[in-house]
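Please read the points below with the model open beside you. They are meant for someone who is new to reading structures of this kind.

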Protein chains: 2
Amino acid sequence: MKNVVNRHIPEVLLGESKEIYQGKYYMNGKVYQKDAPRSRPFVKPVDSKVLGSIKEVCQKIGVRDGMTISFHHALRNGDYVMSMVTKVLVEELGIRDLTIAATSLGEAQDLIADYIEAGYVTGIQTSGIRGRIGKVISAGNLKTPAIIRSHGGRPRAVATGDVHIDIAFMTAASSDKQGNAKGTGGKHNFGSMGYAIDDSRYADYTVIVTDTLNDYPNVLCTVNASDVDYVVLVDAIGDNQKIATKEARVTQDPRELMMAENVANIIAASPYFKEGFSFQTGAGGPSLAVNRFLESHMRQKKVKMGFAVGGISKAICDLQDKGLVGHIFDVQNFDLAAGDHLEKTANHHEISVSQYADPFTKGAFVNLLDFVVLSALEIDTDFNVNVITGSDGVLRGAPGGHPDTAAGSKCCIIVTPLTRGRVATVCEKVVTVTTPGDCVDVLVTDYGIAVNPLREDIKQWLDEAGIAHVNIEVLKEKAYSLVGRPSNLEWEEEVVAIVEARDGTILDVVKKIKPLILD
Amino acid sequence: MKNVVNRHIPEVLLGESKEIYQGKYYMNGKVYQKDAPRSRPFVKPVDSKVLGSIKEVCQKIGVRDGMTISFHHALRNGDYVMSMVTKVLVEELGIRDLTIAATSLGEAQDLIADYIEAGYVTGIQTSGIRGRIGKVISAGNLKTPAIIRSHGGRPRAVATGDVHIDIAFMTAASSDKQGNAKGTGGKHNFGSMGYAIDDSRYADYTVIVTDTLNDYPNVLCTVNASDVDYVVLVDAIGDNQKIATKEARVTQDPRELMMAENVANIIAASPYFKEGFSFQTGAGGPSLAVNRFLESHMRQKKVKMGFAVGGISKAICDLQDKGLVGHIFDVQNFDLAAGDHLEKTANHHEISVSQYADPFTKGAFVNLLDFVVLSALEIDTDFNVNVITGSDGVLRGAPGGHPDTAAGSKCCIIVTPLTRGRVATVCEKVVTVTTPGDCVDVLVTDYGIAVNPLREDIKQWLDEAGIAHVNIEVLKEKAYSLVGRPSNLEWEEEVVAIVEARDGTILDVVKKIKPLILD
């Protein structure tokens, strides 16, 4: 069965309730019933919920085969907790058929790839897959198809019960003995703990994993003691120096700077660029550089930003410190400076990931975005974007908030070089659709700008501002003329991953690649 | 069937799942499944959720006979919203069989008594009943028995689905057009909006009723836009000058001062009176006066309070301003000064009512209370307390957080004069049990102190401190010698109200009184 973005979805995946993607607002206003976790009240006061080890927590809860455990990835590449907990479950307790529902997975969790290969971990649900986990899943070694969801799609799935979490293991920079926990106040601060909030409310059990136990009450906490079963103290939750990746730098590349300047010019030319506008940008080089060029437009036109939202990096914090940003709504921090800023700044607020991006709330922050600036691994002539599979078809990316901000914003701008190495970024058909074309408005490359035909209004104000743009076909042909047409990837029939649209419909599938290229 | 506090509970009320009260920790650790509200996602961005009138909101939602609507009572005697909304439903839309699930009801809702008598309102669930509503229910005019729950018992009932809220109408001092709402920032501020938080998450529809629409974003909000369907702007939500009642004064009555001093002496003599102790007191005269005497003990012994919790009045805010209280956790404000203090003070925090007192969370604040000082309409020789029915058997009180703090605290002290007018406060058998005797530790009257026989440890430290105490029988006999033995009330068979223990078991019932005394 083909969906709205022209992808064939095997009917066996649809079952009774699953639907194919039918456009960005298809689920608007449809009634759904929220999930109902099974909880255990602490009627009798306990002096402390602290247990001595992860193993002890697991035994106290009574872990069993087939459980779904959840984690958040605020420590990003520096996270120790996911591997640590999974190791205890697999190696010390011999638990099988584990499903790991994480907000993202990367190289820090390479150990889990071993447990997939050995058949201990049989389900993966995540907003990002990088490192060895992506390779072993692409090789067909995970027993069930991985489910890839956006940052907004994940809390939707948690709230609707599409994924029911048995135990949420929540990394916290600090906690008190009752479980009041946060991403600051500890030895390895990571800033916002926004990804943890929803899981703490929907998991049957919630366990805080921390390396810093503070005096009661550990305020202002993100996860409340009233949602926490147990607290476990470990040696170290991670290495917070690894939160920022090499991409989170200020670029000096003239091509990237040129693209960033063009993005800022487009924003400044739009009718949405007025006092109180809202804005989000990613952590990549060109996206970050947009902040700089935007600043001069803001000063020139005497326009201030109402709020910035999303994953937050130092660049936007600096803009706020200069008085140019009213509020920052922060679901995760891309660098330590931003986490520190969150702790110290009155109008820099922590939010939950469902408040941020969940389409099944009564209005997420992304719904009020004027602009979002995003990157892409690939974008095709239907404006469909791929941020999950590489040009070799292997899982190595993260939709994150991409599909959510694209769908919610008034103007979604993709900024990407036309080619990367010998690969065309603008192409005829992306390997995998992760953000559907009906959510993407403008493409900015180093060889020109293209506007989605759905947005004649944007073409008009670009014309009025004298900003040149071309048909996206022109950019694709240019790319192919530079690096050649890509040869078709060869797939086997086996589906290794399902890409859910943010509303839970099926957007695309990733199949097992042949021959599989393992580095 | 008789329960643990020796009350006969008609078996017809028990049904399949309802149980009789079996002790304060009976439900500890028992698994329950949380309720699953039916929600409607706002996938498509809307610029504003503001509708023109309560009637328009009701029509948009599609109100129908038999619905359950919820309200909170933060504006206390000054609330306009409950009557306003119910009037629209009844008089403009002709809705019948309404159940009103309020956090408390009083004279401000006298209009609803008319709708009960006329058969439009057929169900009442509340933590307090005062004014005409109490009288018409006691007269047997409500079609179904009213259900009385403590402040902690109500969010438990909401979370478990014992009461499923169709529409939560939430009074807010201010909101923005997306529904970010709070108890401050408006024309009629009331401070903490803690009673609203749980309802906003468990109601099928959440509607903000406010008289002040602020620019987006209305931070720091209590109820989040992501939980709000509609916002309606009304002329005035209430008269916030009526939040404080005449009881919330500093007493000059020498008897009350003497009792307050004795309470403070008991606290100071206890092993729990040490650095970081926790404390709650009510808003009544003698309770408030305890703060004053406690201050001198704290200064003398160089001991500071870790946290105060509960309904908060100016007295405890003043203690915090003097540096004697670490944190205040605030679910409601008993006067305007306390609400103002909440807004301006870093370590004065707003909490939800489930965090405050819900026995079915994983640890409410009341679980960590060292001391609570409470009043009583009556207390019997089994230490059972009545705070719901007057000596005439008519509903005119409010359990509020009484049963929750009594159950959670290490030392629950009841302070009450031995007699009021011609009525014995200490008696053989209270008219209605609202806080079971197994939760009450010490009784302080103007004629002496009594300790619950369950607490031999307390007797011991009182003896060591030279604080005299007597058997509670002695106090009862003294009371009877002063005002005479009360004559038995005469009841009909009809149950007009069910008093649920905080864990949802049945603690007592209130029957129709004969002859009914209506002023």
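The numbered points go from the basis of the model to the interface, the symmetry, the backbone and the sheets.

1. This is a predicted model, in which local features need pLDDT of at least 70 and side-chain atom pairs count only at pLDDT 80 or more, while totals for chains, interfaces and linings use all residues; side-chain values use heavy atoms, with hydrogens and water left out. Residues are numbered from 1 along each chain as its sequence is written, and chains are lettered from A and ligands numbered from 1 in the order in which they are written.

2. Start with where the two chains meet. In chain B, 54 residues are in contact with 54 residues of chain A, contact meaning heavy atoms within 4.5 Å. Of the interface residues of chain B, 100% are also interface residues in chain A, so the copies meet through the same surface.

3. The two chains bury about 4900 Å² between them, and 58% of it is on carbon and sulfur atoms. Buried area is the accessible area (1.4 Å probe) that two parts lose on being put together, summed over both. On the side of chain B, the residues that lose the most area to chain A are Pro41(B), Val43(B) and Lys362(B), together 18% of what that side buries.

4. How many salt bridges does the rule find across the interface of chain B and chain A? There are two, a salt bridge being a side-chain nitrogen of Lys or Arg within 4 Å of a carboxyl oxygen of Asp or Glu. One salt bridge joins the side chains of Lys362(A) and Asp229(B), at 2.8 Å from N to O.

5. The rule also finds 26 residue pairs in polar contact across this interface, both residues at pLDDT 80 or more. A polar contact is a pair of N or O atoms within 3.5 Å; within protein, one must be able to donate a hydrogen and the other to accept it, and residues adjacent in sequence count only if both atoms are side-chain atoms. By class, the side of chain B that touches chain A has 25 nonpolar, 15 polar and 14 charged residues. Here Ala, Val, Leu, Ile, Met, Phe, Trp, Tyr, Cys and Pro count as nonpolar, Asp, Glu, Lys and Arg as charged, and the others, Gly among them, as polar.

6. Strands also pair across the interface. Strand β1 (residues 32-33) of chain A and β2(B) are antiparallel and share two bridges; in β2(B), Ser39(B) is the bridge partner of Tyr32(A). Strands (E, at least two residues) are DSSP runs, numbered from the N terminus, and two strands pair if DSSP finds at least two bridges between them.

7. A turn of 180° with a shift of 0.0 Å along the axis lays chain B on chain A with an RMSD of 0.0 Å. The two copies are thus related as by a two-fold rotation axis. In chain B, the C-alpha nearest the axis belongs to Ala36(B), 2.6 Å from it. Copies are superposed by least squares on the C-alpha atoms of residues with pLDDT of at least 70 in both.

8. Some backbone angles should be checked by eye. The peptide bond between Tyr216(A) and Pro217(A) is cis, with omega about -5°, and Pro217(A) lies in the loop between β11 (205-210) and β12 (230-233) of chain A. In chain B, the bond from Val219(B) to Leu220(B) is cis, with omega near -20°; Leu220(B) sits in the loop between β11 and β12 (230-233) of chain B.

9. In chain B, ten strands form an open sheet with mixed pairing, in the order β3-β12-β11-β8-β4-β5-β6-β7-β26-β27. Its edge strands are β3 (50-51) and β27 (506-513), each pairing on one side only. Within chain B, β8 (residues 167-172) and β11(B) are parallel over six bridges, and Ala172(B) has Thr210(B) as its bridge partner in β11(B).

Technical notes: Helices (H or I, at least four residues) and strands (E, at least two) are DSSP runs, numbered from the N terminus.
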